[in-house]
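Got the viewer open? Let's take a walk through this model, one selection at a time.

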Amino acid sequence: REMAVHLETLVLSMAFSVAVTLLVERLRSRRLRGTARVAGFKPQRMSKWVRHNGILWTQGMTADPAGDIQAQTRECLAKLEAILEEAGVPKETNLLNMTIYLSDLPGEFDLMNQVYDSWVKDKAKPTRLCVQAALDSGCKIEIRCNAAA
């Protein structure tokens, strides 16, 4: 009888341990969403960022259309930095990928790169995709990123 009670206690302990482990894994991989307001952000359409399975996914950032390509690039990168900070992700080491959309790739690529290169200068360099795209009126650039979270 004592052996049966001991075995039952051991089984219950193991079941509890498995349940706690599964709960912790579920909490680690659950989706978290950024909700703080930024100019132009429409929460009914999208999240600023989503963390899922250790990856932070950001929305695309645009800038004030009145600025030139370098001003818009600086503004987009500053917004991405704010999102990374809000999500608790160090930009110096955790950037995985940058996607950059330019409205005039041949005409503005070099000017955009001058700003971008100084932004990633002291960071681990992420992979990058840069393509030409039709953007909102006046927007010359849109940037999004993924980071290890």
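Start by selecting residues 69-86, helix α2, in this predicted model. With 18 residues at 1.5 Å each, α2 should span 26 Å, and its end C-alpha atoms are indeed 26 Å apart, so expectation and model agree.

**Looking down α2**

Now colour the buried residues of this helix: I69, Q70, Q72, T73, C76, L77, L80, I83 and L84. Turn the view until you look down the axis of α2; those buried residues fall within an arc of 160°, so they line one face of the helix. The reason you can expect such a pattern is that an α-helix has 3.6 residues a turn, so residues three or four places apart point the same way.

What does that buried set pack against? Show the strands β2 (49-52), β3 (55-58), β4 (95-102) and β6 (141-148), plus the helices α3 (91-94) and α4 (105-120), and you have the partners of the buried residues of α2.

**The two ends of the helix**

Zoom to the N-terminal end of α2 and pick D68, which caps it: a side-chain oxygen of D68 sits 3.2 Å from the backbone nitrogen of Q70. Then go to the other side of the helix in sequence, where α2 is followed by G88, a residue with a positive phi, near 75°.

**Two polar residues on the inside**

Select Q72, which belongs to α2. Is Q72 buried or exposed? Its relative accessible area is 0%, so Q72 counts as buried. Leaving out residues up to four places away in sequence, Q72 touches A63, D64, P65, G67, G138, C139, K140 and I141.

Next door in sequence is T73, also in helix α2. T73 is buried too, again with a relative accessible area of 0%. Beyond its neighbours within four places in sequence, T73 makes contact with M112, V115, Y116, I141 and I143. Draw a distance from T73 to Y116: they are 43 residues apart along the chain, yet their C-alpha atoms are separated by 7.3 Å.

**Into the core**

Both Q72 and T73 touch I141, which makes I141 a good next pick. Once neighbours within four places in sequence are set aside, I141 is in contact with M61, T62, I69, Q72, T73, C76, I100, Y101, L102, M112 and L135.

I141 is also part of the largest nonpolar core, a set of 26 residues. Which residues have the most contacts inside this core? They are M98, I100, M112, I141 and I143. The elements giving two or more residues to the core are α2, β4, α4 and β6, and the largest share, 6 residues, comes from α2. As background, in soluble globular proteins nonpolar side chains tend to be buried together.

**A cysteine check**

Select C139, one of the contacts of Q72. C139 counts as buried, at 9% relative accessibility. Why is there no bond from C139 to another cysteine? The closest cysteine sulfur belongs to C76 and is 7.7 Å from that of C139, which is too far for a bond; the cut-off for a disulfide is 2.5 Å between sulfur atoms. The total count of disulfides is 0.

**Stops in the loops**

C139 is also touched by T62, so head there next. T62 lies in the loop between β3 and α2 and is partly exposed, with a relative accessible area of 25%. Apart from residues up to four places away in sequence, T62 touches E75, C76, K79, C139, I141 and E142. Between T62 and K79, 17 residues apart in sequence, the C-alpha to C-alpha distance is 8.7 Å.

Move to K48, in the loop between β1 (32-33) and β2. K48 is buried, with a relative accessible area of 2%, and a polar contact of 2.6 Å joins its side chain to that of E86.

For the last loop, pick N53, between β2 and β3. N53 is exposed, with a relative accessible area of 52%. Check its backbone as well: N53 is not a glycine, but its phi is positive, near 50°.

**Zooming out**

Show the whole chain as a cartoon and you can trace 4 helices and 6 strands, in the order α-β-β-β-α-α-β-α-β-β along the sequence. Of the 149 residues, 32% count as buried. Among contacts between residues at least 6 apart in sequence, 69% join residues at least 24 apart.

Methods. Residues are numbered from 1 along each chain as its sequence is written. This is a predicted model: local features need pLDDT of at least 70, side-chain atom pairs count only at pLDDT 80 or more; totals for chains, interfaces and linings use all residues. Side-chain values use heavy atoms; hydrogens and water are left out. The expected span of a helix is 1.5 Å times one less than its number of residues. Buried means under 20% relative accessible area, exposed over 50%, partly exposed in between (1.4 Å probe, protein chains only). The arc is that of the directions from the helix axis to the C-beta atoms. Contact means heavy atoms within 4.5 Å. A polar contact is a pair of N or O atoms within 3.5 Å; within protein, one must be able to donate a hydrogen and the other to accept it, and residues adjacent in sequence count only if both atoms are side-chain atoms. A nonpolar core is a set of buried Ala, Val, Leu, Ile, Met, Phe, Trp, Tyr and Cys residues joined through side-chain atoms within 4.5 Å.
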